[in-house]
Amino acid sequence: MKVLISHRCGDKTRLVFGTGASLPRALVLPAILALLTACQPVEESQPIAEPIRPVRVVTVEELPGGETVTLTGNIQAQDDVALAFRVGGQLIERTVSVGDQVRAGQIVARLDAVNERNAIDAARANLAAAMARLVEARNTVERYEPMLSRGFVARAQFDRAVEARDAAQAQVEAAEAQVRTAENQLGFTTLIADGPGIVTARGAEPGEVVAAGRMIVQLAREGGRDAVFDVPARVIEAASADDEVTVALSTDPKVSTTGRVREVSPQADPVTRTFKVRVGLASPPEAMRLGSTVTGSIQLGGVAGIAIPTSALTSSRGAPAVWTLDPESRTVALRNVDVASYELDRVLISEGLAPGELVVTAGVQTLRPGQQVRLLGESTPDPIEAPTEDPTGDSTGDRP
């Protein structure tokens, strides 16, 4: 049996001739099937471009940590003085009013001093009488002293003269003290400021009869100023005496200064159950006038550092790590970090990250170093097609 087979494979023709003696049919059919199978078209294989994975990132920011508490208060003078008379009487003059500037030694008010002047006159008269009795007693002792040695005066009589002289001396000293007291009482009818300040309130008007100790004017002394707040108990328990308080005007937050707690009331207000806290201000601006409404902010607890979501944290070589994104090349890198503390929904990083860096927060499980990524929501760039080759080694890229 002579067999002639002609078959076209692709763009080439394969010819197979069978000659010779007759071949059994059982051998010819398998040979033909093998030849046809070998000539099947070979599928061209193209390398598939790796998809660019989408990720979600956050920008690293340094946080102060803890809780920021803000309260509203007002500006008060560090020292408020209620000026009052030490004696009672009728107020005949008040030389200042609310808002006036007062200097040290300035007369603020006067009382009717008729009675005090009469008391001085009486005290001086008593002093003159006592001094006259003292002179008489001294003269008696001087007369008796030479007579005692001659025996013309008894010892008992001389001793009584000496006692009378000493008593007269004591009466003179008492009269002098009464004069000084009367002069002081007269001086107390004039109210004088003991330091500079601003009048913030008045308590009596001319013509009124005032008692000793009644406030005539309220004086806010110059110098330090305090920001006064009503603070809840939990804030006082959490705060420290060394914590710095930022105080700003409510009407203009740009006007601000800092201060520290100077005084805490030991007793809570019976109605609000808050404690009055005075914060001494360092170099208060002129705009912070007495009575101005201010807000005070204080940072309580916590550790300052960098906070990232818990989903951004992974591990590398058994240590905490995060994926950082290079915004120019859009590639990621794995970096080890030091964790300060773990919180419910975030992690505080103490070392390993700097403010402004980008940290991957979603998709961290499928990343590898140097991998190119895109931000979630951005369009995927078209992949670059690589040229392919057919089984014969010829390129099958674009052809004219």
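**Exercise 1. A residue in strand E21**

Task: List the residues that Thr324 contacts, leaving aside its neighbours within four places in sequence.

Solution.
Step 1. Count heavy atoms within 4.5 Å as a contact.
Step 2. Leave out the neighbours within four places in sequence; Thr324 then touches Thr331, Val332, Ala333, Arg335, Leu353 and Leu358.
Step 3. Place the residue: Thr324 belongs to strand E21, residues 319-326. Strands (E, at least two residues) and helices (H or I, at least four) are DSSP runs numbered from the N terminus.
Step 4. Check the surface. Buried means under 20% relative accessible area, exposed over 50%, and partly exposed in between (1.4 Å probe, protein chains only). Thr324 has a relative accessible area of 8%, so Thr324 is buried.

A note on the model: it is predicted, so local features need pLDDT of at least 70 and side-chain atom pairs pLDDT 80 or more, while totals for chains, interfaces and linings use all residues. Residues are numbered from 1 along each chain as its sequence is written, and side-chain values use heavy atoms, without hydrogens and water.

**Exercise 2. Helix H3**

Task: Find out whether the length of H3 agrees or disagrees with the expected span.

Solution.
Step 1. Locate the helix: H3 covers residues 155-187.
Step 2. Take the expected span as 1.5 Å times one less than the number of residues.
Step 3. For the 33 residues of H3, that gives 48 Å.
Step 4. Compare with the model. The end C-alpha atoms of H3 are 49 Å apart, which agrees.

Task: Name the buried residues of H3 and a helix that covers them.

Solution.
Step 1. The buried residues are Phe158, Ala161, Ala168, Val172, Ala175, Val179 and Ala182.
Step 2. Look for their cover: it includes helix H2, residues 114-150.

Task: Decide whether Asp159 is buried, partly exposed or exposed.

Solution.
Step 1. Find Asp159 in H3.
Step 2. The relative accessible area of Asp159 is 34%, so the residue is partly exposed.
Step 3. Look across to Val141. Val141 and Asp159 are 18 residues apart along the chain, and their C-alpha atoms are separated by 8.8 Å.

**Exercise 3. The sheet that holds E9**

Task: Give the strand order of the sheet that contains E10, E9, E7 and E12, and its edges.

Solution.
Step 1. Two strands pair if DSSP finds at least two bridges between them.
Step 2. Start with E7 (residues 89-94) and E9 (residues 107-111): three bridges join them, and they run antiparallel.
Step 3. Pick out partners. Leu91 is bridged to Leu111 in E9, and Arg94 lies opposite Ala109 in E9.
Step 4. Move to E10 (residues 190-192). E10 pairs with E9 over three bridges, again in the antiparallel sense. Here Ala109 faces Leu191 in E10.
Step 5. Write the order: E10-E9-E7-E12, an open sheet of four strands with antiparallel pairing.
Step 6. Mark the edges. E10 and E12 (209-210) each have a single partner strand, so one side of each is left without a neighbour in the sheet.

**Exercise 4. The sheet that holds E13**

Task: Name the edge strands of the sheet that contains E6, E13, E11 and E8.

Solution.
Step 1. The order is E6-E13-E11-E8; these four strands form an open sheet with antiparallel pairing.
Step 2. E6 (80-84) and E8 (101-102) are the edge strands, as each pairs on one side only.
Step 3. Follow one pair. E6 and E13 (residues 215-221) run antiparallel and are joined by five bridges. Within this pair, Ala82 stands opposite Gln218 in E13.

**Exercise 5. Positive phi**

Task: Describe where Arg273 and Ser283 lie, and whether each is buried or exposed.

Solution.
Step 1. Recall the background: most residues other than glycine have a negative phi.
Step 2. Read Arg273. Its phi is positive, near 60 degrees, and Arg273 is not a glycine.
Step 3. Place Arg273: it sits in the loop between strand E16 (256-264) and strand E17 (275-282).
Step 4. The relative accessibility of Arg273 is 54%, so Arg273 counts as exposed.
Step 5. Read Ser283. This residue, also not a glycine, has a positive phi of about 55 degrees.
Step 6. Place Ser283 in the loop between E17 and strand E18 (293-300).
Step 7. Ser283 reaches 66% relative accessibility and therefore counts as exposed.
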